[in-house]
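Hello,

Here is the structure I said I would pass on. My notes on it follow below.

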Amino acid sequence: MSSRLSLTRIRIAFLIQFFSIGGIETRMLKILRAIDRDRFEPTIICARDGGLLGDAFKALGFPIVTTRGLLAVNRAIQAAEVPRVL
């Protein structure tokens, strides 16, 4: 691997509706706790702030961007929001 590639951190975004206690949210929290911070630079994009796991996500120290609170039925619109917030 070239030295340029080994020094570049890969920017990734995790899109989540709400910081509730659910299967996807719990799994995402485990992934973010174990992620290699030297290789990856994650950002969490959440439609609504708060929820029972909100403090756990904030404690990780990754940037959290809250969008305009779009509903789950508008996931396509919410996904279109990702480039704007990044």
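**Two strands and the helix between them**

Ile12 stands opposite Pro42 in S2. Please keep in mind that this is a predicted model. The strands S1 and S2 run parallel and are joined by seven bridges. Together with helix H2, S1 and S2 make a β-α-β unit, and that unit is right-handed.

Strand S1 also holds Ile10. With a relative accessibility of 43%, Ile10 counts as partly exposed, because that class lies between the buried limit of 20% and the exposed limit of 50%. Apart from neighbours within four places in sequence, Ile10 is in contact with Arg39, Phe40 and Glu41. Ile10 and Asp38 are 28 residues apart in sequence, yet their C-alpha atoms are 9.1 Å apart in space.

Next, the helix. H2 covers residues 23-34, twelve residues in total. From first C-alpha to last, H2 reaches 17 Å, close to the 16 Å expected at 1.5 Å a residue.

Which residues of H2 are buried? They are Glu25, Met28, Leu29 and Leu32. Seen down the axis of H2, these buried residues fall within an arc of 105°, so they line one face of the helix. On the other side of H2, the exposed residues are Gly23, Arg27, Lys30 and Ala34.

What do the buried residues of H2 pack against? Their partners are strand S1 (10-16), strand S2 (40-46) and helix H3 (54-59).

Leu32 is one of the buried residues of H2. With neighbours within four places in sequence left aside, Leu32 is in contact with Phe14, Pro42, Ile44, Phe57, Leu60 and Phe62. Pro42 is also the residue in S2 that Ile12 stands opposite.

Finally, the core. The largest nonpolar core has 13 residues. Those with the most contacts inside this core are Ile16, Phe19, Met28, Leu32, Ile44, Phe57 and Phe62. The elements that give two or more residues to the core are S1, H2 and S2. H2 supplies the largest share, three residues.

To put the pieces side by side: S1, H2 and S2 form the right-handed unit, and these elements each give two or more residues to the largest nonpolar core. H2 turns one face, lined by its buried residues, to S1, S2 and H3, while Gly23, Arg27, Lys30 and Ala34 are exposed on its other side.

Regards

Methods: Residues are numbered from 1 along each chain as its sequence is written. This is a predicted model: local features need pLDDT of at least 70, side-chain atom pairs count only at pLDDT 80 or more; totals for chains, interfaces and linings use all residues. Side-chain values use heavy atoms; hydrogens and water are left out. Helices (H or I, at least four residues) and strands (E, at least two) are DSSP runs, numbered from the N terminus. The expected span of a helix is 1.5 Å times one less than its number of residues. Buried means under 20% relative accessible area, exposed over 50%, partly exposed in between (1.4 Å probe, protein chains only). The arc is that of the directions from the helix axis to the C-beta atoms. Contact means heavy atoms within 4.5 Å. A nonpolar core is a set of buried Ala, Val, Leu, Ile, Met, Phe, Trp, Tyr and Cys residues joined through side-chain atoms within 4.5 Å. Two strands pair if DSSP finds at least two bridges between them. A crossover is right-handed if, with the strands pointing away from the viewer, the path from the first strand over the helix to the second runs clockwise.
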